[in-house]
Amino acid sequence: MDAISFGTDGWRATLDVFTAPRVRMVGQAVATHLDGRDAPVGVCYDARESSRGFAEELARVLATNGFDVLLPERDRPTPLLAWAIADRDLAGGLMVTASHNPAEYNGVKFIPDDGAPALPEITESIEANLAEPTSLPEAEWGTIRETDFVASHAEHAHDLVAEYADEAALDDLTVAYDAMHGSGRGVTDELLSAAGASVERLRCERASDFGGTSPEPSAEHLGELATHVQDGDANLGIANDGDADRLAVVTPERGHLDENLFFAALYDFLLESASGSAVRTVSTTFLVDRIAEAHGESVVETAVGFKWVARAMAEADALVGGEESGGFSVAGHVREKDGVLLALLAAAAEREEPLDDRVDRLLDEHGEIHQSKISVDCPDDEKARVLDELEGELPDRVAGEAVADVVTTDGFKTVLESGAWLLVRPSGTEPVLRVYAEAESEERVAALLDAGEELVAPLV
């Protein structure tokens, strides 16, 4: 049987592997990890058909180990649990979700008491304590209580966004919101509506199979939202993934707005009323660096994975942290990606200056920038060997241009003299190597990706 392993963002598996007995083992491991903590534990879950049952299994194991458990009345977004942990001084929390994976998957992630993603020393402790559940005498069992996870997060989100926006009210804004049938429905749209926006709702009904597709807010899955915004009167389109910790933005001119460009626009907006550095992953755009430099700020680069972004945000006291896959957090909030809060922040930024106009201005000021990626099949047990061999094969020139630097934060990132770059890194969730490229034109990006594939493919 496949091992229970907490990877990039918790343990995920298909439902033939992700079973109730194994979920109970995770619950026991978390109870053992938290032994001695005199505080409740939160347990939330996403919209999948199996998620409520798995959450109840986890709650029972924690309760029989003496912990009081807070459980929502229905599926709720991951960031609401993260905020509740910090806001209510919980010992930690367990989230039953497979995020953007299709319905045949489920998963579970542990969030520690600061509301930030669990670092390896914590997940390794949980993995080391996997065991069949134990139980205290019934008189020592904790309680399981349904509670509201929405109101406190919504109040905090409104207060925080008001700090960054001259006017928090969105009375003159129309936002199209696509929940992708996930846990953002009735949460993100209601947050926007409460701020005064007129909200046009798409896929805001629960569907445990997410309508037969993956709840991944990528351009290919947001065609209906893009058409709705571009052919209608909405100022902005916003979508969340299945557990609403990430977001995607759609604009009238661009349709799906590349997450790199949204990150740049977000940082520029925040710098209008605040100061501070940015944290980005190694696969995220250098445009953020150019904006930081123009404002006398700095940028910290991390490995891919929001846990590394979160750690660097704390160390650098950063204003914003993000990744090219659509996960962001800001100063004043828990250091966990939050697609609900960011939806309100994106709408506030749109109200201050349309995102299309802001992106146009930033590209005029800092130069055109384009990015794309491909995947090269590579078995998980071959990734380390391929990367070891790649180190000895790195060229002095890529696609005809000299290499100025090689960054080894996560895989190999060759930075060229023009500022363009090519990155090869192993996926943490799939048996592939990711090849990313960024340059001043789509044609140049295509040439770099071809060069990257030619470099990697013979080694696999």
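**Pockets, salt bridges and one helix face**

Let me start with a single residue: Asp172 counts as exposed, at 55% relative accessibility, where exposed stands for over 50% relative accessible area, buried for under 20% and partly exposed for what lies in between, with a 1.4 Å probe and protein chains only. Before going on, I should say that what you see is a predicted model, in which local features need pLDDT of at least 70 and side-chain atom pairs count only at pLDDT 80 or more, while totals for chains, interfaces and linings use all residues. Residues are numbered from 1 along each chain as its sequence is written, and side-chain values use heavy atoms, with hydrogens and water left out.

Which residue does Asp172 meet in a salt bridge? The partner is Arg351, at 3.4 Å from N to O, and by a salt bridge I mean a side-chain nitrogen of Lys or Arg within 4 Å of a carboxyl oxygen of Asp or Glu. This pair links distant parts of the chain, 179 residues apart, since Asp172 sits in the loop between helix H5 (151-164) and strand S7 (174-178), whereas Arg351 belongs to helix H11 (residues 339-352). The helices and strands I name are DSSP runs numbered from the N terminus, with helices being H or I of at least four residues and strands being E of at least two. Unlike its exposed partner, Arg351 counts as partly exposed, at 31% relative accessibility.

A search of the whole structure finds 36 salt bridges, and I will show two others. Asp178 and Arg203 meet through their side chains at 2.6 Å, N to O. Asp178 is in strand S7 and Arg203 is in the loop between S8 and H7, so this pair ties together parts that are 25 residues apart in sequence. Are these two residues buried or exposed? Asp178 is buried, and Arg203 is buried as well. Arg203 also has a positive phi of about 50 degrees, although it is not a glycine, and the loop that holds Arg203 runs between strand S8 (198-202) and helix H7 (223-231).

The other salt bridge joins the side chains of Arg361 and Glu353 at 3.0 Å, N to O. Here Arg361 is partly exposed, with a relative accessible area of 26%, while Glu353, at 17%, counts as buried. Salt bridges that share partners bring Asp268, Glu272, Glu353, Arg358, Arg361 and Glu365 into one network.

Let me turn to the pockets. Rolling a probe the size of a water molecule over the atoms shows where empty space is left. The search uses a 1 Å grid over the protein atoms alone, and a pocket is an open set of points where a 1.4 Å probe fits, with protein on both sides within 12 Å along at least five of seven lines, while lining residues have an atom within 4 Å of a point. The largest pocket has a volume of about 1700 Å³, a volume being the space filled by probe spheres set on the points, which are joined across faces, edges and corners. Of its 49 lining residues, His100, Lys373, Thr429, Glu430 and Arg434 are the closest to the centre. Among the elements that give two or more residues to this lining are helix H8 (259-270), strand S16 (370-377) and strand S21 (432-439). The lining holds eleven nonpolar, 22 polar and 16 charged residues.

The second largest pocket has a volume of about 240 Å³. Its lining has 14 residues, with Asp258, Ile369, His370, Gln371 and Glu442 nearest the centre. H8, S16 and helix H14 (442-456) each give two or more residues to this lining, and S16 supplies the largest share, three residues.

Next, the cysteines: the structure holds zero disulfides, a disulfide being a pair of cysteine sulfur atoms within 2.5 Å. For Cys44, the nearest cysteine sulfur is that of Cys204, 19 Å away. Cys44 is buried, with a relative accessible area of 0%, and Cys204 is buried too, at 19%.

I will finish with helix H4 (residues 120-128), in which Ile122, Thr123 and Ile126 are buried. Seen down the axis of H4, the buried residues fall within an arc of 95 degrees, so they line one face of the helix; the arc is taken over the directions from the helix axis to the C-beta atoms. On the other side of H4, Glu121, Glu124 and Ala128 are exposed.

Notes. Ala, Val, Leu, Ile, Met, Phe, Trp, Tyr, Cys and Pro count as nonpolar, Asp, Glu, Lys and Arg as charged, and the others, Gly among them, as polar.
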